[in-house]
Amino acid sequence: MKLILEYIKRHLGIFLLSILFLTMEAMADLLQPTLMSMIVDRGIKNADIHQIFFFGLIMLGIAMTGAVCAVIRNRFASQVSQTIGRELRQDMYHNVQQLSMENIDRLRPASIITRITNDVAQIQEFINGIMRIMVKAPITCIGAIILIMIQTPKQAPVIAGIIFVVSLLILGNMRIGYPKFGTVQKKLDRLNGVTREFLSSVRVVKAFHAEEEETEKFERVSLELAYANMAALRTMAVFSPFINLTVNFGIVLLLWISGKEQSVEIGRLMASVNYMTQVLFSVTMISNALNTAVRAAASSKRVKEVLEEKPAQSMPKIPLTPKMTGEIRFEQVSFAYAGAKRESLHKIDIEIHAGETIGIIGSTGSGKTTLVNLIPRFYDATDGMIWVAGCDVTQIDLKLLRTAIAVVPQKSLLFSGTIRENLCWGREDAAEGELKEAAKIACADEFIEQSSKGYDTLLGQGGVNLSGGQKQRLSLARALVRKPCILILDDCTSALDAQTEFQVLKGLREQTDGTTVLLVSQRISTVMRTDRILCMDHGCVMGYGTHKELMASCKTYQEIYNSQIGGGCHG
């Protein structure tokens, strides 16, 4: 709850005003039964019409005052809860952007989404409830108990006994319910993860006609969430009726004792019964509020984990700002993913000259993508050093480093918006001519110009209205717009036909003079014409040289060549 209090402090003025109007509203509610008792005992009993009108007008005025206070309180409550919800989401989103890939892998994207959406919504509901019910209910409950004792002082022991039993029930509800609502949030994480996985791979699911298997998986995690929710709600279902039963039993006992003694005026007795009803309503609200508080506490803990997550990568106190070039050197570099049993890279020791085009080839899982991900510091090497432009990559200003590098990932990632907006992700101030030049090199200019609105054609989420090859060419064009010192192409031509790929690679060689290009591919025909080729297997360098050199000395490269092309050594 400490996190929630910290955010409430930011809006303490409006929060306290809301509590003030809420208190006035509660006081107005508490005065109604007492005034009604005066109407009965002083007016109706004595047939005094003036007393009836006098106290009736006071009741009406107080009721109207309470209604106005309720409207103002609701407005303040909505304003504060929505503002805090927005601030929490913004702070979480900002912190996630600062985290390294290792942090995000550990927190899991599906869980982060749940925390930004559902968990923040739980906190919003709690804050809104504080200013609507959670403060009003205790005020009403305590006030009603005090007024019962004033109206019927002999019933104080009965009231004390009821409050004691109800308090025990509420505490038991909280103690049992807290861990159950925490489990609900974890199950919701799992459901979001399965849903996200299905939606991101829906084409593959349909291609393999695996809808039934995915439906079963979804039903399984959905059932787990339902069971977790039922377990949590079952706690409320057990305790709430017992709380109601206890208070109602108190009302019956109060009436029985008063009737037996025959010493209480009818108006006072009516007021006491009304106050007991208010106590019942307040206790029910307190119980519900505490259940909301339990959920908010569980959500607050999860939100706090994201807000307090520190980047796994350390940043230099005084970052270096060298003149960026495409010179890269790996010096005995090893890397293992967090929690992995074996290294993904082992003792990589290579040097890449500025302006070279390096082909990187190897079987699936050989470490190609992991290797290139270390250069822009998506991850940091667990051992050894990486040098870029003659400097230790971990000491270079991160913004400067990543501005000098452009990455085209294996899976083409486009954003909702126009083609122009997507290309300008490469560089916001890129001129029209630069966009067209990059599109031409990537062989994307033809299909862009044939689109309905050219560069202003709208793309759906993820570029759903483009083919796989078109998305890859747009992603490449976006990277070229940046005019980077280092261009990383991570198997980004896999969806292109041989002729288009040849034209794209030819354009790269002719138009990116001075840029270091790292070309990751599964196809030997893609890399064999590069300046040098890095052949990898199981995270190790098996060979590094020209196509001709590797064909003469690297068995792994020979096997790849023979499996894809066949025949003997070709220069």
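Which residue in β5 is the bridge partner of Trp 387? Here are some friendly notes to help you find that residue, and a few other features, in the structure above.

1. Before you start: this is a predicted model, in which local features need pLDDT of at least 70, side-chain atom pairs count only at pLDDT 80 or more, and totals for chains, interfaces and linings use all residues. Residues are numbered from 1 along each chain as its sequence is written, and side-chain values use heavy atoms, leaving out hydrogens and water.

2. Now to the opening puzzle: the partner of Trp 387 in β5 is Asp 392. Strands β4 and β5 run antiparallel and are joined by 2 bridges. They form a hairpin with 2 residues between them, and Ala 389 in that turn has a positive phi of about 55°. Strands here are DSSP runs of E with at least two residues, helices are runs of H or I with at least four, and both are numbered from the N terminus. Two strands pair if DSSP finds at least two bridges between them.

3. Step back to see the sheet. It is open, has 4 strands in the order β2-β1-β4-β5, and its pairing is antiparallel. At the edges lie β2 (345-352) and β5 (391-392), each pairing on one side only.

4. Next, look at β1 (residues 328-335) and β4 (residues 383-388), an antiparallel pair with 5 bridges. Ser 334 has Asp 383 as its bridge partner in β4, while Ile 328 has Val 388.

5. Is there empty space inside? A search of the whole structure finds 1 cavity of 30 Å³ or more, and the largest cavity has a volume of about 30 Å³. A cavity is a set of points on a 1 Å grid over the protein atoms alone where a 1.4 Å probe fits but cannot get out; lining residues have an atom within 4 Å of a point. The volume is the space filled by probe spheres set on the points, which are joined across faces, edges and corners.

6. Among the residues lining the largest cavity are Phe 330, Ile 350, Ile 352 and Leu 371. Both β2 and α11 (368-373) supply at least two residues each to this lining.

7. Finally, visit helix α2 (residues 12-44), where you will find Met 24. With a relative accessibility of 36%, Met 24 counts as partly exposed, a class between buried (under 20% relative accessible area) and exposed (over 50%), using a 1.4 Å probe and protein chains only.

Methods
On a 1 Å grid over the protein atoms alone, a cavity is a set of points where a 1.4 Å probe fits but cannot get out, and a pocket is an open set with protein on both sides within 12 Å along at least five of seven lines; lining residues have an atom within 4 Å of a point.
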